[in-house]
Amino acid sequence: MRKVARGEILDLATYDRERPRLRAEAMAAKDARRIHVGPYLTFLFENRETVRYQVQEMLRAERLYREEEIAHELETYNELLGGPGELGCSLLIEIADPRDRDEKLGRWLGLLDHLYARLPGGRRVRPTFDPRQVGEDRLSSVQYLRFDVGGVAPEAVGCDLPEIAAETALASAQRQALASDLEPAGAK
């Protein structure tokens, strides 16, 4: 997937003016790429539109305008996008109660090795992840994953950690959105 380029980032005043429209478009893109698995896991597959929105929101919130600041945000958020044949994903581990969350994030240290995307034909693809987000005694509640799906939209995503094992089949619209994200740059 082609990364978001500097020329696609609006200055703060223009973004403030265009924000309602751009936010609505980004939320629609996120909705098409959000998959809930069981009661705790939400996979949010990223694309250029969602990443561009996140960069713009960070620039707006932090009032960043210097070129080096913008370049840093682009570099950081572009890492969420997968490379050729890959899907980038933010995994949200959603546990409302703080004590329960701390206990489970400690107990589920091996969770990332139990996540998968199921491709047509049944093959499971395990993600790569950033080991900096896994501490010695607990996980971070937000993880950044990459699934090397070989350019094929998955049929399902899931977790086979026995305590929270679950799988969610992707709806047709979700598969179409991910297939579109996997198209080579310039193919659209």
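Contact is taken here to mean heavy atoms within 4.5 Å. In this predicted model, Glu46 touches, beyond residues up to four places away in sequence, Met1, Val51, Gln54, Leu80, Leu81, Gly88, Cys89, Ser90 and Asp181. Glu46 is situated in the loop that runs between strand 2 (41-45) and helix 2 (48-62), and its side chain is joined to that of Thr50 by a polar contact of 2.7 Å. Although Glu46 is buried, it has no salt bridge; Lys30, the nearest side chain of opposite charge, is 4.8 Å away, whereas a salt bridge requires a side-chain nitrogen of Lys or Arg within 4 Å of a carboxyl oxygen of Asp or Glu.

Asp181, one of the residues touched by Glu46, does take part in a salt bridge, its partner being Arg33, with the closest N and O atoms 2.7 Å apart. This pair links distant parts of the chain, since Arg33 belongs to helix 1 and Asp181 to helix 5 (residues 172-182), with their positions 148 residues apart in sequence. Both Arg33 and Asp181 are buried.

The structure holds 20 salt bridges, and among them is a pairing within helix 1, where the side chains of Glu25 and Arg21 meet at 3.1 Å, N to O. These two residues are four places apart in sequence, which corresponds to about one turn of the helix. Glu25 counts as partly exposed because its relative accessibility is 35%, and Arg21, with a relative accessible area of 44%, is likewise partly exposed. A further salt bridge, of 3.3 Å from N to O, is formed between the side chains of Arg66 and Glu69; here Arg66 is partly exposed at 42% relative accessibility, while Glu69, at 18%, counts as buried, the limit for that class being under 20%. In addition, Arg2, Glu8 and Arg48 are linked in a network of salt bridges.

The strands include an open sheet of five, in the order 1-2-3-7-6, with antiparallel pairing. Its edges are formed by strand 1 (34-37) and strand 6 (128-129), each of which pairs on one side only. Helix 1 (residues 12-33) packs on this sheet, touching strand 1 and strand 2, and its direction makes an angle of about 40° with that of strand 1. At the other edge, strand 6 pairs with strand 7 (residues 142-148) in the antiparallel sense over two bridges, and Phe129 stands opposite Leu145 in strand 7.

Asp11 lies in the segment before helix 1, and its side chain makes a polar contact of 2.8 Å with the side chain of Thr14. With a relative accessible area of 46%, Asp11 is partly exposed. From Asp11 to Arg48 the separation is 37 residues in sequence and 18 Å in space, taken from C-alpha to C-alpha.

The backbone of Arg63 was also examined, this residue being found in the loop between helix 2 and helix 3 (67-78). Most residues other than glycine have a negative phi. The phi of Arg63, by contrast, is positive, with a value near 55°. Arg63 is partly exposed, its relative accessible area being 45%.

Note on methods. Residues numbered from 1 in each chain as written. Predicted model: local features only at pLDDT ≥ 70, side-chain atom pairs only at ≥ 80, totals over all residues. Heavy atoms only, no water. Buried < 20%, exposed > 50% of the residue type's maximum accessible area, 1.4 Å probe, protein only. Lys, Arg positive; Asp, Glu negative; His and termini not counted. Polar contact = N/O pair within 3.5 Å; in protein donor to acceptor, adjacent residues only side chain to side chain. Pairing = 2+ DSSP bridges. Axes fitted to C-alpha atoms, helices over the stretch in contact; angles between N-to-C directions.
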